[in-house]
Amino acid sequence: MNIFDNYLLEINDIILSNKDILNLENLENLNNVNLEIPPEHFDFDLSTNVSLVLAKENKINPNSLANSIKDLLLKKINHFEIIEVAGPGFLNIKLSKEGIANNIDDILENRDSYGSKKSNETYNIEFVSANPTGPMHVGHCRGAIFGDVLSNLLSFNGNQVVKEYYINDYGNQIKNFVESVYLRIREIKFQEKFPVKENLYPGEYIKEIANNIIKNNNKIKVDNFNNSFEELKKLSLEGSMSLIKNDLKQLGITHDIFFSETEIVKKNLVNKAIKKLKNKNFVEEGFLDPPKGESFKNWKKVKRLIFKSSKFGDDTDRALQKNDGSWTYFANDVAYHSDKIDRKFNKLINILGADHTGYIKRISAAVSALSNFQVSLNCKVCQLVKLYKNGKPFKMSKRAGEFISAQDLLNEVNKDAIRFMMLSRSNDIELDFDFEKVKEKTKDNPVYYVQYAYARINSIIRIINKNLDDKITIDKKSFSLNEFEEKILRKIFEWPKIIESASLKYEPHKIPFYLYELSTLFHAYWSKGNENNEFRFIENGALKREESLAFLHLIAIVIKNGMNILGVSLPEKM
RNA sequence: GCGCCUGUAGCUCAACUGGAUAGAGCGCUUGGCUACGGACCAGGAGGUUCUGGGUUCAAAUCCUAGCAGGCGCACCA
C-alpha cells in the first residue's frame, strides 16, 4: 500500500498505451520517472517529473509534452482533479475528494502495516560484536541501536532478518583478559596485589566477574594459570558476556544468534573456507610487503598463506597466517562469513565502528570471492560518539580502565531518549551526545516532543470514551478538511516514502526526523485550537466533527508505526 | 604517502539520492497560556551549500583538481 507507487504505476501504464498520441518513441527511461510530494508552497498533493524525463530522450519540448500528459491523466485517472504544469515541466496534481478518501481508508485499513513495502529478502545483520573483555561503552551503543533499528525497519517490510553477534573470544586479548580475572581472584583469595602490567585489564568489572566466579565455583583452583586456563576462560567469558547482554537488554536490544570465534576454530571452518578460496586460485603462499606509514618492529618477511583481496578492490593482499603459521583474525572472519553465505542469506550487513573502516575492503573482497559475487555484503560505519556533559567534553579510554560505560549512561538517561538521540544523526557523521541535554524533558529533546503528541491524541480519545484500537471509517461524501488537516494528511501520505528510502539505503535516521516534523504539524494544529475555538476537536466532552477522529487515528497510526521501528515506547499519559 | 567519512544559516544538522524559491532545531528577536494536557505555538532577522573547473533543461547532490577536519592504514582483535 503506497499512494505513490499506485499512482505512478497508473501513470506509466497510461503513457505506455498512449505513446503514439504523445509522439513518444523512446520510453526506456520510464523507470526514472518519479512521483513525489511537491514543495509546500505549491499547495498540491503530488508532483511528477514524467515530462522532463521523457522530453529529454525524445528531444521534444518538456512543457508542451507536459500539457499533453496533463490532459491525458485528467481524463484517465479519476482521482486526479486538478493538474498544473509548473516550472520547467513538472506536473503538480491535486487529488479529488474521492481520491483522498480512498487513501485515508487504506491507511485506516492497513494500520500497523501502513508504510511497509512488501519485500522478501533474507538478511543477516551483524552488529555490536563488542569484544567480550568487558562491558559495553557508549560508543558501542550507537552501533547497537543502529543495527537493532535497521533490523526492525527491514522486518517491517516483510524481510527475514537474523540479528547476529560475533563473539571475538579467541586470541591474545582473551588470554590477557582471563589472566586479569585470574589475578583478581588471587587478589581476593590470597590478598595478592594486582600487578601493574601493560596488557592486563584493570577495570572494576573484572573484580565483579572474579567475585561471581568465586561465589559460584568454590572448588575452582587458581594455583597455576595454565592449568586452570580453559575453565577460567569459560567462566570469565560467561561473566563478561552476561554484562554485555544485560547492557543490551536494558537498551531494548536482542540478538538471535551469538556466534563464537572459538567455535569456528574448533569446528575447523577456517580450513574449509580457505580451501574454497584456494580452489578458486584466490589464495597462495607468498610474501607481503612491509606495511606503509608507521614502522612495525615485529614485522618479518615470512612465507605464508595470502588472500589475493587486491583482485576484489582491496588496496593490498592480506595475510591469513601469522608468523607461527596460526590463523589470523581475518582468516577466522573469512570462515565466519563463509558460514553466513552457507546459511543462504542473500544480503549481509555488518555494522561497524569508525575505527574498523579500514577492514571493510578485505572482508567484502572475501565475501565476493566466496560467493562468486552472488551475495552482497554491505558495511555500515557508525562514526564516533562525542560525549559531553554540560558542554564539557568527556573522554573515554578503555586502556586506562576509565571509560564511560553503557551502564553509566543508562543510570542517568532512559532508554527511549538514548535510542532516539543516537538515531537523530546520519551514521556517517560524528554524533555529539550531551548527557544533560538528553535528560531534559523539553522540546529540545525530540523524543518527548513526539511522545507528547501521542499523549495529546490519547487525551482526546479518553475524553470522548473511544479507543485507538477501534475500527473506524470515514464518510466519503460528507467529509471535509481544514487547512491544518490538509497539511498533516500530505505528511502522512509521505510516510511510505520515508520507509522506502530509509530501507533502501539503510538509513534509519530518516524516521526520527520525519516523526519530529509530523509532531510539529500536529502541535501547531493543537495550538490553533487554543487560540480559536473553531479548531478544537471536542466541545462539551463530545467530538465536534466525525472526520477529526479519523484524523487523530491517522496520526497515531503513523507515530506508532514509527516509534515501534525505533523501539521507543509511547506512553498514553505523560 | 594511501584509503574511508565529513564540509550547507552564528551553532548542531536535514534535503525524498539530479529537481522547482536549499529546510528544521538551538541561539538572537517580537508575540501568544488560568488550557481539548504550555513537556506547546505564531512572526522576524540570518545562505557565494569549503574553493576552482566540468557534465545538462536542471547540481548541495554526479565527474575532476585542490583545501580543511575526523577515523584508519599489523602477522593485534
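How many disulfides does the count come to? The count comes to 0 disulfides in this predicted model. The legends below start with the cysteines and go on to helix packing and salt bridges.

**View 1. Cysteine 379 and cysteine 382, without a disulfide bond.** A disulfide requires two cysteine sulfur atoms within 2.5 Å. The cysteine sulfur closest to that of cysteine 379 belongs to cysteine 382, and at 12 Å it is too far for a bond. For the sulfur of cysteine 382, the closest cysteine sulfur is in cysteine 141, 11 Å away, which is again too far for a bond. Cysteine 379 is buried at 15% relative accessible area, and cysteine 382 is buried at 6%.

**View 2. The crossing of helices H1 and H3.** Two packed helices are described by the angle between their axes and the distance between the axes. Here the axes of H1 (residues 3-17) and H3 (residues 62-76) come within 11 Å, with a crossing angle of roughly 115 degrees. The crossing is right-handed. On the H1 side, Ile11, Ile14 and Ile15 make the contact; on the H3 side, Ile69, Leu72, Leu73 and Lys76 do so. Sorted by class, the contact has 6 nonpolar residues, no polar residues and 1 charged residue.

**View 3. Helix H2 and its surroundings.** Helix H2 spans residues 50-58, and 7 of its 9 residues are buried, so the helix is largely enclosed by the rest of the structure. The buried residues are Val50, Ser51, Val53, Leu54, Ala55, Glu57 and Asn58. They pack against two helices, H1 and H3, and against strands S2 (46-48) and S4 (90-95). Lysine 59, just after H2, has a positive phi of about 50 degrees.

**View 4. The salt bridge of lysine 476 with aspartate 105.** The structure holds 33 salt bridges. In the one between lysine 476 and aspartate 105, the closest N and O atoms are 3.4 Å apart. The two residues are 371 residues apart and link distant parts of the chain: lysine 476 is in the loop between helix H16 (446-463) and helix H17 (483-504), and aspartate 105 is in helix H4 (residues 97-110). Lysine 476 is partly exposed, with 37% relative accessible area, whereas aspartate 105 is buried at 18%.

**View 5. A salt bridge within helix H7, between lysine 207 and glutamate 204.** An α-helix has 3.6 residues a turn, so residues three or four places apart point the same way. Both lysine 207 and glutamate 204 lie in H7 (residues 204-216), and their spacing of 3 residues is about one turn of the helix. Their side chains meet in a salt bridge with an N to O distance of 3.2 Å. Lysine 207 counts as partly exposed at 29% relative accessibility, and glutamate 204 as exposed at 55%.

**View 6. The salt bridge of arginine 545 with glutamate 485.** The N to O distance between these side chains is 3.0 Å. Arginine 545 is in the loop between strand S17 (542-543) and helix H19 (546-566), while glutamate 485 is in helix H17; the pair links distant parts of the chain, 60 residues apart. Arginine 545 is partly exposed, at 25% relative accessible area. Glutamate 485 is buried, at 0%. Elsewhere, Asp43, Asp45, Lys94 and Arg490 are joined into one network by salt bridges that share partners.

Notes
Residues numbered from 1 in each chain as written. Chains lettered and ligands numbered in written order. Predicted model: local features only at pLDDT ≥ 70, side-chain atom pairs only at ≥ 80, totals over all residues. Heavy atoms only, no water. Axes fitted to C-alpha atoms, helices over the stretch in contact; angles between N-to-C directions. Helix = DSSP H or I, 4+ residues; strand = E, 2+ residues; numbered from the N terminus. Left-handed = near helix turned anticlockwise from the far one by under 90°. Contact = heavy atoms within 4.5 Å. Nonpolar A, V, L, I, M, F, W, Y, C, P; charged D, E, K, R; others polar. Buried < 20%, exposed > 50% of the residue type's maximum accessible area, 1.4 Å probe, protein only. Salt bridge = Lys/Arg side-chain N within 4 Å of Asp/Glu carboxyl O.
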